[in-house]
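Let's take a friendly walk through this structure, one region at a time. Keep the 3D view open and turn it as you read.

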Amino acid sequence: MNTTVTDDMAADYREQLADELAAAGLLNDPAWRRAWQSVPRHLFAPRFAISAPGQPGPAAASWYDGSDPAERPRWLAAAYRNEALITRYADNGVAISSSTEPALMAHMLGLLDVHDGHKVLEIGTGTGYNAALLAHRLGPDNVTTIDVDPRLTQAAKEVLDDAGFPVTVLTGNGARRAAERAPFDRIIATCGVDRIPAAWIQQLAPGGLIVANVSRGLVALRRGNGDMVSGQFCGQAGFMALHTEGELPTSTSGRVFEVTGGVAERQYDADLPGSLDFTVASFLASLIAERSQLMFVHREDGTVVDYRWWHPASNSWVRVEPRSGGPARVHETGIRHLWAKIDPILADWDNAGRPGIDQFGLTITPQHYTLWVGSPSNGRSPAPSILTGALPLPFDGLDDHQSRPARACCSEAACCAEQTRALRRQNAHKHP
Ligand SMILES: C[S@@+](CC[C@H](N)C(=O)[O-])C[C@H]1O[C@@H](n2cnc3c(N)ncnc32)[C@H](O)[C@@H]1O
């Protein structure tokens with residue numbers, strides 16, 4: 001077997017990946033195409049795993065190691081697949097760093113709408129590959145990237161420097177840190193949040209853009225007057241959740257079923273919009289109750305047995321059992337009356353023609369956090385046309401997520417894969 005890996009082979013794989021992204025309508029700017037053709041992804045992922053479908057843990061994943069000569073051709077080919085390359089798992093088996101799926105990266109970089117001379121902050125350095133693409137497009141002096149994990153920033157900095165992209169790499173909590181290089185024209189977050197941290201808005205230049213994964217959506221928020229940012233959701237994503245220095249992301253999917261399975265403190269009947277859209281419902285749930293998780297149980301034929309929603313921070317949960325020909329039965333426990341929060345929002349969503357995530361937008365001011373449908377003027381509180389019971393958030397302030405447990409669903413590679421596959425499908429007709 002020939003185990004030689006050459007620069008030409010790597011260049012061919014990059015060309016193929018760029019072609020794939022272009023065919024999906026994700027590389028319309030020639031400058032971005034040149035970046036994808038030039039930046040060597042394999043150098044940023046010397047060893048990685050690709051998750052098995054539906055099995056997020058490291059045991060079921062396929063592993064690729066470029067340090068083993070016999071493995072190198074297989075590793076090189078895999079490094080240029082349109083897949084998330086997982087580069088770090090926590091001891092509990094939860095994936096905590098990766099090189100994001102290229103289609104999702106290209107979509108986000110397109111949304112970022114960069115122009116020559118723009119200064120960009122990336123939250124979530126990971127392998128450094130996205131920072132290198134940004135550096136190729138804008139020049140390394142214009143790129144700052146931050147990651148909470150010092151082992152990652154050290155490794156990324158070395159590869160970035162060696163590969164000729166000496167961007168500024170910082171270590172710390174990107175939700176808090178006011179980088180000394182602010183203000184930025186663009187901020188891109190490659191870890192997921194349910195709320196936009198105030199520091200991001202404060203570090204953004206007037207007219208600047210934030211592109212981030214909020215709840216289950218991707219949003220592009222432009223800074224308008226003062227500290228106001230506003231913009232539309234454009235696709236779905238399920239990034240690893242932003243977490244703090246000492247906090248280990250955990251998986252709570254199994255716990256949701258355990259916690260929500262018991263006898264509840266309160267029981268009552270409620271009307272449920274027919275055939276609830278689970279993606280939209282879980283998108284709304286995480287916006288309403290940060291770091292909460294909504295799941296559902298179904299029979300083999302797909303019929304829903306119940307919806308289960310757990311908010312770990314308040315240890316509140318609800319289990320809702322749809323019943324044919326009558327109202328659903330609600331079982332609810334805890335200080336947060338979860339169903340009372342989402343019930344009117346789901347009714348508004350139903351009345352508004354059941355919009356998908358892309359039809360929502362966010363407007364954030366220091367006082368209000370408003371989710372709207374259609375156009376931002378709808379969201380001016382207390383405009384009558386507000387869908388979703390417009391947030392000022394029912395539960396808490398804007399910037400207190402640092403103390404919360406991780407949002408488990410999107411810490412999981414399976415979730416990421418599921419979300420990015422959905423995104424790919426969406427891109428197929430969004431960018432013909
Ligand atoms: C999907 S990876 C980022 C991928 C990266 N952009 C790349 O090109 O390889 C998510 C990253 O977010 C980082 N992260 C999580 N919480 C963070 C925080 N509070 N501040 C900065 N980075 C954080 C993780 O350590 C992880 O490396």
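A good place to begin is the ligand. Of the 26 residues around it, Gly124, Gly126, Asn130, Gly174 and Cys191 come nearest. Bear in mind as you look at them that this is a predicted model. Which elements supply at least two residues each to the shell around the ligand? Strand E4 (95–99), helix H6 (129–138) and strand E6 (143–147) each do so, and E4 gives the largest share, with four residues. Sorted by class, the shell holds 11 nonpolar residues, 13 polar ones and two charged ones.

Now step back to the whole chain. You will find 12 helices and 18 strands in it. Of its 432 residues, 49% count as buried. If you take the contacts between residues at least 6 apart in sequence, 61% of them join residues at least 24 apart.

Next comes the interior. In soluble globular proteins, nonpolar side chains tend to be buried together. Here the largest nonpolar core has 110 residues, and those with the most contacts inside it are Trp36, Ala132, Ile187, Ile196 and Ile210. Where does this core lie with respect to domain 1 and domain 2? Domain 1 (7–245 + 410–430) and domain 2 (253–363) both contribute residues to the core, so it lies between them. Trp36 is a handy residue to click on: setting aside residues up to four places away in sequence, Trp36 touches Arg14, Leu17, Ala18, Leu21, Leu27 and Leu133.

Let's move on to helix H10 (residues 278–288). Eight of its 11 residues are buried, so H10 is largely enclosed by the rest of the structure. The buried residues are Ala281, Ser282, Phe283, Leu284, Ala285, Ser286, Leu287 and Ile288. What covers them? The cover includes E10, E13, E14, helix H11 (338–351) and strand E18 (369–373).

Two of those covering strands are worth a look of their own. Strand E13 (residues 293–298) and strand E14 (residues 304–311) run antiparallel and are joined by six bridges. Within this pairing, Val297 stands opposite Asp306 in E14. The hairpin of E13 and E14 has five residues between the strands, and there Gly302 takes a positive phi near 95°.

From H10 you can also hop across to Ser215, in the loop between strand E9 (204–214) and strand E10 (217–223). Not counting residues up to four places away in sequence, Ser215 touches Asp194, Phe283, Ser286 and Leu287; Phe283, Ser286 and Leu287 are among the buried residues of H10. Is Ser215 itself buried or exposed? Ser215 has 28 other C-beta atoms within 10 Å. The cut-off for a buried residue is 20 or more, so Ser215 counts as buried. Ser215 and Gly192 are 23 residues apart in sequence, yet their C-alpha atoms are 7.1 Å apart in space. The backbone of Ser215 deserves a glance as well: its phi is near 55°, a positive value in a residue other than glycine.

Arg354 also has a positive phi, of about 55°, although it is not a glycine. You will find Arg354 in the loop between H11 and strand E17 (360–364). With 15 C-beta neighbours inside 10 Å, Arg354 counts as partly exposed.

Our last stop is the loop between strand E7 (168–171) and strand E8 (184–189), where Arg181 sits. Arg181 has 15 other C-beta atoms within 10 Å. A residue is partly exposed when its count falls between the limits of 12 or fewer for exposed and 20 or more for buried, so Arg181 is partly exposed. Leaving aside neighbours within four places in sequence, Arg181 is in contact with Lys119, Thr144 and Thr168. Arg181 and Val143 are 38 residues apart along the chain, and their C-alpha atoms are separated by 9.5 Å. Pro183 has its place in the loop between E7 and E8 too. Look at the peptide bond that joins Ala182 and Pro183: this bond is cis, with omega about 0°.

Key
Residues are numbered from 1 along each chain as its sequence is written. This is a predicted model: local features need pLDDT of at least 70, side-chain atom pairs count only at pLDDT 80 or more; totals for chains, interfaces and linings use all residues. Two residues are in contact if their C-beta atoms, placed from the backbone, lie within 7 Å. A residue is near a molecule or strand if its C-beta atom, placed from the backbone, lies within 6 Å of it. Ala, Val, Leu, Ile, Met, Phe, Trp, Tyr, Cys and Pro count as nonpolar, Asp, Glu, Lys and Arg as charged, and the others, Gly among them, as polar. Two strands pair if DSSP finds at least two bridges between them. A nonpolar core is a set of buried Ala, Val, Leu, Ile, Met, Phe, Trp, Tyr and Cys residues joined through C-beta atoms within 7 Å. Domain bounds come from an automatic or database domain assignment.
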